[in-house]
Amino acid sequence: MTNIDNNMLKLEDLQNNRNILYKSRDDFDIRKIVFNYDSVIFLAPNDVSEFLIMCNACDIDAVAIDYDPKFANRLGYINKDFVFDDVDLNAELIICRNVEKHYPLDLPRGVDVILIGDHDEHNGDCTPIFSPEQLIDLYNVGEVYQKGSDHNGTHFYVYGKINEDRVL
Amino acid sequence: MNFYTLQWGLKYGAHYVNRLYGSLKKHYHKPFTLTCYTDQADPQFREEIQVADIKDLRKFNTDRVFTYEKLILMEKHETGVWLDLDILIHDDITCMADDPADFKMIWNHWNPYWFKSQKWYGKGVSCHVNSSFVKWNNPEWLIKFTNDNWEKIEWTYKSLDKYLFYQHARLDRLKYWDEGLVHNYNVGNHFATDRKATFKKLPGKVVIFNTSHKATNKGITDVLLELHEADFRVTYIWEGYDKHRQ
């Protein structure tokens, strides 16, 4: 684990990065959690380039996996489909920012995860999420560190650990 | 050459199937068959049309991956051409149908890819290919990939076209008809808006109408005309494919 004083990171510089921010009812803040880990993978986060650069500058091995061709040559991005392609999901923390948009992944056992999903039912959404409990069941999260929703009650999150003895 | 089409429900009647046959008779200049996989063998079908039960193509019990039955056609028949019913073939397609590619489909040339498709790519709502006119020659790789990944495909994609776009166009596995051969009636101002325009020749060899995505996606406000609702240039040719007029 890497423990860095959050004040040193000038996180307020990232206030406008809506792909990182998640406005929950509580004080859940992905940015602060990330800095407790040595390696982090963001799955289909859209543009988090600045945050990736900041993480890596702080010795956190942070990458994003996103199949969108606009990230083909983007620093810190692996331009692959993490559902259908062969990808390395070896990290201390995996963040799925848009669970509603993809097939439920087979995440490594014992890995810490942040799962966020909604039921806004945008075109292309295949896994509408209606509660944190659904996320827990879908991904077999064993230990739950934190869970909740946003102010509108349409976006849900779970921060926890994938069960060690996950039955596939 | 063996051509195949699918018909179910009430949206497109026997006259659509019959006129498709008529268009092939006029614009494919070699011996051919047309097989219609359908849920209702209509007695009004032309006697030359071969009829098969669409259940034979429903290998998977799903209401997702719209028209995935086309993929099962490839398992059953090593080579062929599948055609949607709502297309107008209006020029010689012999070279297209005899194309040796293992899998060739429509690239939506009428939509600027970088402007439109890539904008929505990451949201999973982009689609820049169309399977209204497809030639195949034993694409084992596609059949294998589909079978190996069916659970994920079924979960993820609402339509065959999106599956093909996101999983195979993305990795450059598909081939496409040259630009200019296929046009979309509902995109690109191909419809005639005045009487003078009705005398202009239709572009390319095939015109598609591509209306199904309006039903499966919300927020599409475009006016999309069906083949039978099109302007005089289209309906004149289309009705000319009736048996008694050939």
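## The largest cavity

About 40 Å³ of space lies in the largest cavity of this predicted model, and the count of cavities of 30 Å³ or more comes to one. Its lining is made up of Leu71(B), Ile72(B), Met74(B), Glu75(B), Leu142(B), Ile143(B), Thr146(B) and Asn147(B). When these lining residues are sorted by class, five are nonpolar, two are polar and one is charged.

Which helices each supply at least two residues of this lining? They are helix H2, which spans residues 69–76 of chain B, and helix H5, which spans residues 140–148 of chain B.

## The seven-stranded sheet of chain B

Chain B contains an open sheet of seven strands, whose order is E3-E2-E1-E4-E7-E6-E8 and whose pairing is mixed. Strand E3 (50–53) and strand E8 (175–176) of chain B form the edges of this sheet, and because each has a single partner strand, one side of each is left without a neighbour in the sheet.

At the E8(B) edge, the partner is strand E6 of chain B, residues 103–107, and these two strands pair in the parallel sense over two bridges. Within this pairing, Lys104(B) has Lys175(B) in E8(B) as its bridge partner.

Helix H1 of chain B, which covers residues 14–27, lies across three strands of chain B, namely strand E1 (2–7), strand E2 (33–38) and strand E4 (79–83). With respect to E2(B), helix H1 of chain B runs at about 160°.

## The three-stranded sheet of chain B

A further open sheet in chain B has three strands in the order E5-E10-E9, again with mixed pairing. Its edge strands are strand E5 (87–89) and strand E9 (182–184) of chain B, each of which pairs on one side only. On average, and with direction ignored, neighbouring strands of this sheet are turned by 20° against each other.

How many bridges join E9(B) to strand E10 of chain B? There are three, and the two strands, the latter consisting of residues 206–208, run parallel. In this pairing, the residue that stands opposite Asn184(B) is Ile208(B) in E10(B).

## Confidence in the prediction

For the complex as a whole, the predictor gives an ipTM of 0.84 and a pTM of 0.88. Chain B, to which both sheets described above belong, has an average pLDDT of 90, with 91% of its residues scoring at least 70.

For chain A the average pLDDT is 85, and 83% of the residues score at least 70. Over residues 1–16 of chain A, however, the pLDDT is below 50, although this stretch has 29 contacts in the model beyond near neighbours in sequence.

Definitions and conventions:
Residues are numbered from 1 along each chain as its sequence is written. Chains are lettered from A and ligands numbered from 1 in the order in which they are written. This is a predicted model: local features need pLDDT of at least 70, side-chain atom pairs count only at pLDDT 80 or more; totals for chains, interfaces and linings use all residues. Side-chain values use heavy atoms; hydrogens and water are left out. Two strands pair if DSSP finds at least two bridges between them. Helices (H or I, at least four residues) and strands (E, at least two) are DSSP runs, numbered from the N terminus. Axes are lines fitted to C-alpha atoms, for helices over the stretch in contact, and angles run from 0 to 180 degrees between N-to-C directions. pLDDT is the predictor's confidence in each residue, from 0 to 100. Contact means heavy atoms within 4.5 Å. On a 1 Å grid over the protein atoms alone, a cavity is a set of points where a 1.4 Å probe fits but cannot get out, and a pocket is an open set with protein on both sides within 12 Å along at least five of seven lines; lining residues have an atom within 4 Å of a point. Grid points are joined across faces, edges and corners, and a volume is the space filled by probe spheres set on the points. Ala, Val, Leu, Ile, Met, Phe, Trp, Tyr, Cys and Pro count as nonpolar, Asp, Glu, Lys and Arg as charged, and the others, Gly among them, as polar.
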